[in-house]
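User: I would like a close look at the sheets in this protein. Please take me through the strands and then what surrounds them.

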Amino acid sequence: MNKNKKITIFDIAKACNVSYATVSRAINGQSDINENTRAKILEKCNELGYKPNAMARGLSQKKSWLVGVVFENSFDNPFFGKILTNLRLTLEEKGYELIFFDDMKYKKIDQLFERIKYRSLDALVVVGVNQNTELIRKLEIIDIPLVTINFRLKNHSAVISHQYRGSWKALEKIWEMGHRDIAFVSSNLESTSGRYRYYAYRRFMKSKNVDIKENDILYSNFSMDARNQCYKLVSENIKKGKVPSAYFCAYDMMAIGVIEALLDNGIRVPEDVSVVGFDDLNYCTFIRPTLTTVKQNREQLGKLAGEEVIRLLEEKDAKSKTIDVPTSLVMRNSLAEKVKK
């Protein structure tokens, strides 16, 4: 190793083939580390001449360099991958390591908080959870920095997509293309994201003096199964003769199910019925026709959440705040002007 190079915690971690968070815990004298591992790390620090002065501020505050991610959703869900990846990269650049608490639905809430306490976390990020739960009520009063993504908790920071505005812009475009009979495929309204999109639809239609009729709103959920659910719902409506001019869907997987149901029942997209989704998942360009959708900037959601965690931890007397992330309408082939008959 270059003798002129200042030895860092990352060098020690690499030399010992462990994470920098493990090195931090070894130096900091924390108990949740194997004693043989601690001895190996401290020996390597001595061998390489590592002086933890650069971490003195963190050590004096008993920092663990660990950030927990409370995440109830499935890792298979295509929406969250970019968020979590950019969150991790942003925090790792500053020396923090993520610990996922992704199995809360299978454990008692008290057990989750015992795990959080045991890990001596510096901060928490909460994403992809049902907001109307005991978990959320307990997180509201937790005494470490906390950042939520796409919903708000009282007295904590949040990173929020412009989902209501994005929905409104999409509906404006659908209306501009001549569609008046617009159906909405909704998600579970216990989700803040679902409510933003639902209320945008209802208020937009009201602003146009359009009465929402029975079956104008179909209910699904934010899951991989949304595709199959929506396929069945739309197929049933087609059999009943209920075919709108356009569908606005609260989630791209819903929109894909809608398109497949329409095509399999001999209804052309977009010539007969237009379809618009929400999120801009990778699947949007794989299907035919390609899906017009509202894009959420998932990279920015993760990056800005990570930066907010760092600010709360490293800025003196940092106050919580809400960070807005714009959405945009991505025009593709599933939306077209309504043909006048």
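Analyst: What follows starts with the sheet that holds β1, then turns to other strands, the loops and the largest pocket.

The model is predicted. Its chain has 341 residues, and 52% of them count as buried. The secondary structure comes to 12 helices and 12 strands. Along the principal axes, the C-alpha atoms fill a box of roughly 80 × 40 × 35 Å. Contacts across the sequence are plentiful in the following sense: among contacts with a separation of 6 or more, 70% come from residues 24 or more positions apart.

Now the sheet itself. It is open and has 6 strands. Read across, the order is β2-β1-β3-β4-β5-β11, and the pairing is parallel. Strands β2 (97-101) and β11 (322-325) sit at the edges, each pairing on one side only. From one strand to the next, the twist averages 20°. Strands of a sheet pair through backbone hydrogen bonds, in either a parallel or an antiparallel way.

Take the β2 edge. Strand β1 covers residues 66-71 and runs parallel to β2, with 5 bridges joining them. One point to find on screen is V69, whose bridge partner in β2 is F100.

Now the β11 edge. Here β5 and β11 pair in the parallel sense, over 4 bridges. A158 stands opposite T322 in β11. The side chains of β11 alternate. I323 and V325 point to one face and are buried. T322 and D324 point to the other face and are not buried.

A helix also belongs in this view. Helix α12 (residues 298-314) lies across β1, β3 (123-127), β4 (146-149), β5 (157-161) and β11. Relative to β5, α12 runs at about 165°.

Next, strands β6, β8 and β9. β6 and β8 pair in the parallel sense over 4 bridges. I182 has A246 as its bridge partner in β8. β8 and β9 also pair in the parallel sense, over 3 bridges. There, F248 stands opposite V276 in β9. Strand β8 covers residues 246-249. A246 and F248 point one way from β8, while Y247 and C249 point the other way. All four of these side chains are buried.

S186 deserves a stop. This serine is found in β6, which spans residues 182-186. S186 counts as buried because its relative accessibility is 0%, and the cut-off for buried is under 20%. Leaving aside residues up to four places away in sequence, S186 touches Y198, I217, L218, Y219, S220, N221, A250 and M254.

Now the loops. Most residues other than glycine have a negative phi, and most peptide bonds are trans. Some places here depart from that pattern. W65 has a positive phi, near 60°. W65 is found in the loop between α4 (56-60) and β1. Its relative accessible area is 12%, so W65 is buried. N209 also has a positive phi, near 60°. N209 is found in the loop between α9 and β7 (217-219). N209 is exposed, because its relative accessible area is 71% and exposed means over 50%.

Two peptide bonds are cis. One runs from V269 to P270, with omega near 10°. P270 lies in the loop between α11 (252-264) and β9 (274-279). The other runs from R288 to P289, with omega near 0°. P289 has its place in the loop between β9 and β10 (292-296).

Last, the largest pocket. Rolling a probe the size of a water molecule over the atoms shows where empty space is left. The largest pocket has a volume of about 590 Å³. It is lined by 28 residues, and the closest to its centre are N73, G128, V129, S191 and F222. Helices α5 (80-92) and α9 (192-207) are the elements that give two or more residues to the lining. The lining residues divide into 10 nonpolar, 13 polar and 5 charged.

How values were computed:
Residues numbered from 1 in each chain as written. Heavy atoms only, no water. Pairing = 2+ DSSP bridges. Axes fitted to C-alpha atoms, helices over the stretch in contact; angles between N-to-C directions. Contact = heavy atoms within 4.5 Å. 1 Å grid on protein atoms, 1.4 Å probe; cavity = no way out; pocket = protein on both sides within 12 Å on 5 of 7 lines; lining within 4 Å. Points joined across faces, edges and corners; volume = space filled by probe spheres on them. Nonpolar A, V, L, I, M, F, W, Y, C, P; charged D, E, K, R; others polar. Buried < 20%, exposed > 50% of the residue type's maximum accessible area, 1.4 Å probe, protein only.
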